Amino acid sequence: MKKIYFLFVSLVLLCCKTNPSVVTETTDSSSKKIEINYKVSESEVSDFLKYLSSDELEGRETGTKGIEKAAVFLEDFLKKNNVKPYFASYRDTLTNFKLPAYNIVGVLEGTDPVLKKEFVVLSAHYDHIGKEKKQQADVINNGANDDASGVTAVAQMAEYFAKTKSNKRSILIVFFAGEEKGLLGSKSLVPKLKKRDFNLYTQLNIEMIGVPMKRDFLAYVTGFDKSNMAQKINEYTGKNTIGFLPKEAEYKLFYRSDNYSFFEAFGKPCQSISTFDFENFEFYHHVSDEFKVMNIPHITAFVQELLPAVTQITITPTKEITMN
């Protein structure tokens with residue numbers, strides 16, 4: 001009996017070790033929560049963000065050699081992690097910008113024959129504002145927080161789903177160009193998706209999550225009262241993950257990032273998630289927005305905490321996130 005018991009335990013441990021997609025779902029009358037056996041790598045977060053916000057990329061202004069290097073980096077990352085191109089290639093050319101510029105778009109097909117026809121969009125913008133024109137000691141706006149941090153988070157989520165194959169719905173991974181030029185990347189992409197009868201469920205756009213807030217919640221969503229997204233994410237994580245930030249409503253941030261282009265086109269819950277609260281980061285559009293001021297443990301913990309919620313969003317039998 002003891003030999004059989006130890007054999008059983010060994011097999012269980014082996015399965016858990018070799019299959020990162022093993023999930024445990026716990027439910028009660030008030031919550032629905034998934035626990036996942038997957039750990040986000042802090043060193044991978046650090047390495048990815050460090051390169052994307054490096055001087056080599058010269059501030060990633062749309063249409064420059066610097067953002068071209070960033071595009072190649074993101075293409076290579078998606079290819080390495082077996083995320084397929086959504087179009088003929090990873091590059092989606094902007095139709096509303098005079099110089100060559102590209103969104104980088106990948107897709108992870110859902111595992112359910114019915115639900116895979118519905119899409120969850122995970123996105124962030126990889127462009128920034130480039131170089132300062134006036135002479136000064138540092139002229140490169142590296143954009144570590146804005147929004148290399150968000151791109152890093154989305155990349156880590158893409159890697160998780162590529163490895164675990166735990167998404168029943170399909171996931172569109174989008175890294176936008178042209179956000180700093182007026183949401184050009186998202187404005188260019190949505191008409192192409194509409195022509196394909198793109199069946200959007202919801203969009204989670206990640207924007208400026210490089211430093212933590214001193215609040216009793218991890219992050220906030222823009223347009224808090226427009227849908228039940230915040231409440232559902234908290235239900236799925238079993239934590240006070242998303243809260244309401246009055247400054248977000250005051251500055252109307254819902255309309256100022258790439259989620260708005262999707263909301264305007266599809267009328268579905270499309271919101272940005274951020275930890276920039278106007279008190280915790282003083283280098284917005286500043287040359288000091290650099291890798292060295294980013295909180296890598298926080299970014300890693302942010303992704304780790306969101307993974308159960310994003311997983312649940314991709315597997316619920318019905319569309320639980322709805323407009324208010």
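**Exercise 1. State which element holds Asp147, and which residue is joined to Asp147 by a cis peptide bond.**

Solution. Asp147 has its place in helix H4 of this predicted model. The peptide bond to examine is the one between Asp146 and Asp147, which is cis, with an omega of about -5 degrees. As background, most peptide bonds are trans.

**Exercise 2. Work out whether the span of helix H4 agrees or disagrees with its number of residues, and whether its residues are largely buried or not.**

Solution. Helix H4 covers residues 144–164, which makes 21 residues. The expected span is 1.5 Å times one less than the number of residues, and for H4 this comes to 30 Å. The C-alpha atoms at the two ends are 28 Å apart, which agrees with that expectation. Turning to burial, the cut-off for a buried residue is a relative accessible area under 20%. Of the 21 residues of H4, 20 are buried, and therefore the helix is largely enclosed by the rest of the structure.

**Exercise 3. Describe the surroundings of Thr62, beginning with its place and ending with its contacts.**

Solution. Thr62 is found in the loop that runs between helix H2 (42–52) and helix H3 (65–80). Its relative accessibility is 3%, so Thr62 counts as buried. The side chain of Thr62 reaches the backbone nitrogen of Gly178 at a distance of 2.9 Å. When neighbours within four places in sequence are left aside, the residues in contact with Thr62 include Gly178, Phe97, Asp127, His128 and Lys181.

**Exercise 4. For Lys252 and His285, give the sign of phi, the loop and the class of exposure.**

Solution. Most residues other than glycine have a negative phi. Lys252, although not a glycine, has a positive phi of about 50 degrees, and it lies in the loop between helix H7 (246–250) and helix H8 (259–266). With a relative accessible area of 54%, Lys252 is exposed. His285 also has a positive phi, near 50 degrees, and its place is in the loop between strand E11 (270–274) and helix H9 (296–315). Because its relative accessibility is 28%, His285 counts as partly exposed.

**Exercise 5. Characterise the largest pocket by its volume, its lining and the residues nearest its centre.**

Solution. The volume of the largest pocket is about 340 Å³. Its lining is made up of 19 residues, and those that lie nearest the centre are Glu207, Met208, Leu253, Arg256 and Tyr284. Sorted by character, the lining has eight nonpolar, six polar and five charged residues.

How values were computed:
Residues are numbered from 1 along each chain as its sequence is written. This is a predicted model: local features need pLDDT of at least 70, side-chain atom pairs count only at pLDDT 80 or more; totals for chains, interfaces and linings use all residues. Side-chain values use heavy atoms; hydrogens and water are left out. On a 1 Å grid over the protein atoms alone, a cavity is a set of points where a 1.4 Å probe fits but cannot get out, and a pocket is an open set with protein on both sides within 12 Å along at least five of seven lines; lining residues have an atom within 4 Å of a point. Grid points are joined across faces, edges and corners, and a volume is the space filled by probe spheres set on the points. Ala, Val, Leu, Ile, Met, Phe, Trp, Tyr, Cys and Pro count as nonpolar, Asp, Glu, Lys and Arg as charged, and the others, Gly among them, as polar. Helices (H or I, at least four residues) and strands (E, at least two) are DSSP runs, numbered from the N terminus. Buried means under 20% relative accessible area, exposed over 50%, partly exposed in between (1.4 Å probe, protein chains only). A polar contact is a pair of N or O atoms within 3.5 Å; within protein, one must be able to donate a hydrogen and the other to accept it, and residues adjacent in sequence count only if both atoms are side-chain atoms. Contact means heavy atoms within 4.5 Å.
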